[in-house]
Amino acid sequence: MTTTDDDTPGLRSPRITARIGVALGVSFAICFVTGLLSHWIQHPPTWFDWISRPIWLYLVTQGVHVISGCVAIPLLLAKLAVVYPKLFEKPLLGSPARALERASIAVLVSASIFQLLTGLLNIAQWYPWSFFFPATHYAMAYVVVGALAIHIAVKLPIIRNALDGPVDRRASDRRAPSGLTRRGFLNLTWAAGGLSALAFAGQTIPLLRPVAFLAPRNGDGPQGLPINRTAEAAGVIGPATDAGYRLRVAGREVTRDMTLDDLRLLPQRTVNLPIACVEGWSVGATWTGVRLADLAALVGGDGSRGVRVISLERGLYAVSDVPAAQSADPLTLIALRLNGETLNLDHGYPCRLIAPNLPGVMQTKWVSRIEIS
Ligand SMILES: Nc1nc2c(c(=O)[nH]1)N[C@H]1C(S)=C(S)[C@@H](COP(=O)(O)O)O[C@H]1N2
Ligand SMILES: [Mo]
């Protein structure tokens, strides 16, 4: 006998589960692909070369990553609400095949909850854990996708069958004991997903900023740009404001130590580039400073093989390896000014990297050294 939901009146029906499952699968797939891309940009495998145009590409892919993850949260809750009695069905294990299937579901459910929860806490910049978020979030993504593939393969006949007919087939389907119809429950689920998208999309889409009630970054900050890490938190106030500050530009043979005035005397360029954070927020800004390629030329290089930019700060974000496409791009600057003013100390004074189509986390602030290979 094929599985029909004639014997499952009300909401606990494969007809609902399969529909929510498809939406959840699509949002997981989008989240996985965009997340993989973001990881590769920051930790490039040897075969991977990131591009510098269009300048808004990373802004879009990372915005989509965070939004698809946020949309998945109410979808997952709705799916669990509909299927949870099944999770505890007797026998718990049964035949080897059944035991395997149930184990894969246990992994899928727990890994999915872990991914969505840690992702959400990360964009809220709350780290109530001791593991390194990017590495764990990345590894766990493969666990989710693997378990999801098994789940879909096992359930494919049921999914096909369930999607084949209308949500409400008989009059008795149309009302659960709660009074909610299947159609009503589905519409409620889609609305929750849409609301979740709206709540976070404003981080990237200025027009939606006023309704982004859950977004931790609303675009506020000195010089019109939010700050992820202040100069004080980074412990760089002293060296960044020191009159003895020099920017060291190191080529293969030549090294130059430059004062801020030296930098101001070089040709100044003004570009419009967004900061697009891995956390999904992005804000456009106008930057003025010296082309990275011009600095490379001063020491006999051209930036065509990538450049290493090092901050006054010690620690995790002290070093940024700028990909070749960005280091050779005329839009890439060592910026001295932001939105018409001298760069604020919290935005990277005396100078910071700004490059097209690069994650915010790689746009190093308080630059002290540039190494041209
Ligand atoms: N040295 C240093 N540079 C840094 C960071 C940092 O913590 N230290 N944070 C990065 C991150 S995660 C982002 S999103 C951008 C934000 O730039 P802003 O603070 O000027 O808006 O700076 C990047 N540059
Ligand atoms: Mo960031």
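**Exercise 1. Work out the strand order of the open sheet, its pairing sense and its edges.**

Solution. Begin with the order: five strands make up the open sheet, running E2-E1-E10-E5-E6, with mixed pairing. (Strands are DSSP runs of at least two residues, labelled E, and helices are runs of at least four, H or I, numbered from the N terminus; two strands pair if DSSP finds at least two bridges between them.) Next, the edges: E2 (255-258) and E6 (319-322) each pair on one side only. From one strand to the next, the twist averages 15 degrees.

A note on the setup: this is a predicted model, where local features need pLDDT of at least 70, side-chain atom pairs count only at pLDDT 80 or more, and totals for chains, interfaces and linings use all residues. Residues are numbered from 1 along each chain as its sequence is written, chains are lettered from A and ligands numbered from 1 in the order written, and side-chain values use heavy atoms, leaving out hydrogens and water.

**Exercise 2. Find the bridge partners of valine 249 in E10 and in E2.**

Solution. Take E10 to start with: E1 (residues 247-250) and E10 (residues 367-372) run parallel over three bridges, and valine 249 has isoleucine 370 as its partner there. Now E2: E1 pairs with E2 in the antiparallel sense over four bridges, and here the partner of valine 249 is arginine 256. A hairpin of four residues joins E1 to E2.

**Exercise 3. Is serine 38 buried or exposed?**

Solution. Locate serine 38 in helix H1 (residues 14-42). Its relative accessible area is 4%, so serine 38 is buried (under 20%; exposed is over 50%, partly exposed in between, with a 1.4 Å probe and protein chains only).

Conventions
Axes fitted to C-alpha atoms, helices over the stretch in contact; angles between N-to-C directions.
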